[in-house]
Amino acid sequence: MENTMFRKEDFLLGTFSTNLSGGMSPTTVPERWVNSWENNLKLAKMLDEAGIDFMLPIARWVGYGGEKIDFHGSVLETITWAAGILAHTKNLNVFSTVQTASINPVVLAKQIATMSQIGEGRIGLNIVAGWNKPEYEALGLDLPADHETRYAYAQEWFDIVKKLWKEEDYFNWEGKYFNLKRVKGDPRPICNVPIINAAGSGEGREFATKNVNFLFTPAIDLKRNKEEIAELKDMATHKGRDVDVLTFSHVVCRPTEEEALQYLEHTAKTNADWVAVDNLIKLQFAHAHSFPHDLLNTIRDQMAAGHGGFPLVGTPEQVAQGIISLSEAGFRGTTLSFVDYNAEFPYFRDNVLPILEKHGIRNNKANVRASMVVQS
């Protein structure tokens, strides 16, 4: 058995941040995303039927605040969220996002192995080495100031997880950060678990190219991204590994470009919660290298429109062409966000996916699955 994230036929598509209030849009409009279980389950079933590849949550413990909203203030925890989604879907891959400092690696390894059984191998893991200082303080933890310490801890943490997934007998572990006695991973995941990490610092990218299957990075300047992706894949190749690169996008798709631009203006400018946006940017500057710092202060408007995601704004043809441009830049896939995922995804499904199939970067998975059911 192989997790479908590892297949190379398609440009991968997923959704991002539906477990959090507001999703990826710090907007005050009344239709902004409500992260209820009911909404998440409704979306997951639509994604599953449409052949979308994955759902990716964000691990969050405190929100960003705001003038009128507490952006990301309401959170569905990612382990239990993923287990529930897996139990109600058939083909969709579901990631759990985990901050290494917040959970013991023995516990995490067992949770992922359990979800591997629930989803018949469709679980994935997004590793966060740590960057959001207020969240560390909320948990009574100290955020190491240097990336070397954060990633040294993450490396030992993940080495333990991997050993638990590989070893068939009990073992002890004596390291710098963990001392474990007689631990064992039983059961183990039923197939290889796809691993994601968002890394911008040099230490982070060394960690990612050594350990993960997918490195997650913003698409801000596609020419720059193309060079960056080539460098990252070369770094991985020198380690004897094959690493793909994912990004994230924000979708406003309407029958006309004018309608799309008007809605973007309405949600991400006229009704943006700029206090929440500025709080987000301030934290990114202070503690994270996921965004290139020389570009961060130029994208305030883009942070209001999908948390800095690549803009896919316009008609179905224009949105499809934007996705094609990401593929041509070397990205392996992208997540998608909408102001209201459940209201907007059906139009994307019905009008953008067929264009991507026509251009050969996506297969019609929904039709393939339907024909398989008929034949059986």
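Contact here means heavy atoms within 4.5 Å. By that yardstick, Ala129 touches Thr100, Tyr136, Arg150, Tyr151 and Ala154, leaving aside residues up to four places away in sequence. Before going on, note that this is a predicted model in which local features need pLDDT of at least 70, side-chain atom pairs count only at pLDDT 80 or more, and totals for chains, interfaces and linings use all residues. Residues are numbered from 1 along each chain as its sequence is written, and side-chain values use heavy atoms, with hydrogens and water left out.

**Around Ala129**

Ala129 sits in the loop between strand 4 and helix 4 (133–138). Helices (H or I, at least four residues) and strands (E, at least two) are DSSP runs, numbered from the N terminus. With 7% relative accessibility, Ala129 counts as buried. Buried means under 20% relative accessible area, exposed means over 50%, and partly exposed is in between (1.4 Å probe, protein chains only). The C-alpha atoms of Ala129 and Trp157 are 9.8 Å apart, with their positions 28 residues apart along the chain.

**The cores**

Trp157 turns up again in the largest nonpolar core, which has 89 residues. A nonpolar core is a set of buried Ala, Val, Leu, Ile, Met, Phe, Trp, Tyr and Cys residues joined through side-chain atoms within 4.5 Å. The residues with the most contacts inside this one are Leu108, Leu125, Trp157, Ile323, Phe345, Phe348 and Leu356. Helix 5 (residues 147–166) gives the largest share of this core, 8 residues. Another core lies apart from it, with 14 residues, among them Tyr64, Val277, Ile299 and Ala304. In soluble globular proteins, nonpolar side chains tend to be buried together.

Take Leu108: its contacts are Ile79, Val98, Ile103, Leu125, Trp157 and Val161, again not counting residues up to four places away in sequence.

Ile79 brings us to helix 2 (residues 78–87), which is mostly covered, with 8 of its 10 residues buried. Those buried residues are Thr78, Ile79, Trp81, Ala82, Ala83, Gly84, Ile85 and Leu86. They pack against helix 1 (37–50), strand 2 (54–56), strand 3 (93–99), helix 3 (105–118) and strand 4 (123–128). At the start of helix 2, a side-chain oxygen of Glu77 comes within 2.8 Å of the backbone nitrogen of Ile79.

**Aromatic rings**

Rings of Phe, Tyr and Trp (its six-membered ring) pair if their centres lie within 6.5 Å; planes under 30 degrees apart count as stacked, over 60 as edge-to-face and the rest as tilted. By this rule there are 12 aromatic pairs. Two of them involve Tyr153:

| Pair | Centre to centre | Angle of planes | Type |
|---|---|---|---|
| Tyr153 and Tyr177 | 5.2 Å | 70° | edge-to-face |
| Tyr153 and Phe178 | 5.3 Å | 45° | tilted |

Tyr153 lies in helix 5 and Tyr177 in the loop between strand 5 (171–174) and strand 6 (179–183), so this pair ties together parts that are 24 residues apart in sequence. Phe178 is in the loop between strand 5 and strand 6 too, 25 residues from Tyr153. Are these rings buried or partly exposed? Tyr153 is partly exposed at 23% relative accessibility, and Tyr177 is partly exposed at 28%, whereas Phe178 is buried at 8%.

Elsewhere, Trp33, Phe338, Tyr341, Phe345 and Phe348 form one aromatic cluster.

Some rings also have a charge over the face, meaning that NZ of Lys or CZ of Arg is within 6 Å of the ring centre and within 35 degrees of the ring normal. Lys163 lies over Phe171 at 5.0 Å from the ring centre, and Arg182 lies over Tyr170 at 3.8 Å.

**Thr209 and the cysteines**

Thr209 belongs to helix 6 (residues 202–211) and is buried at 0% relative accessibility. What does the side chain of Thr209 join in a polar contact of 3.1 Å? The partner is the side chain of Lys239. A polar contact is a pair of N or O atoms within 3.5 Å; within protein, one must be able to donate a hydrogen and the other to accept it, and residues adjacent in sequence count only if both atoms are side-chain atoms. A polar atom of the Thr209 side chain also lies 3.3 Å from the backbone oxygen of Glu206.

As for cysteines, a search of the whole structure finds 0 disulfides (pairs of cysteine sulfur atoms within 2.5 Å). Cys191 is buried at 10% relative accessible area, and Cys253 is buried at 6%.
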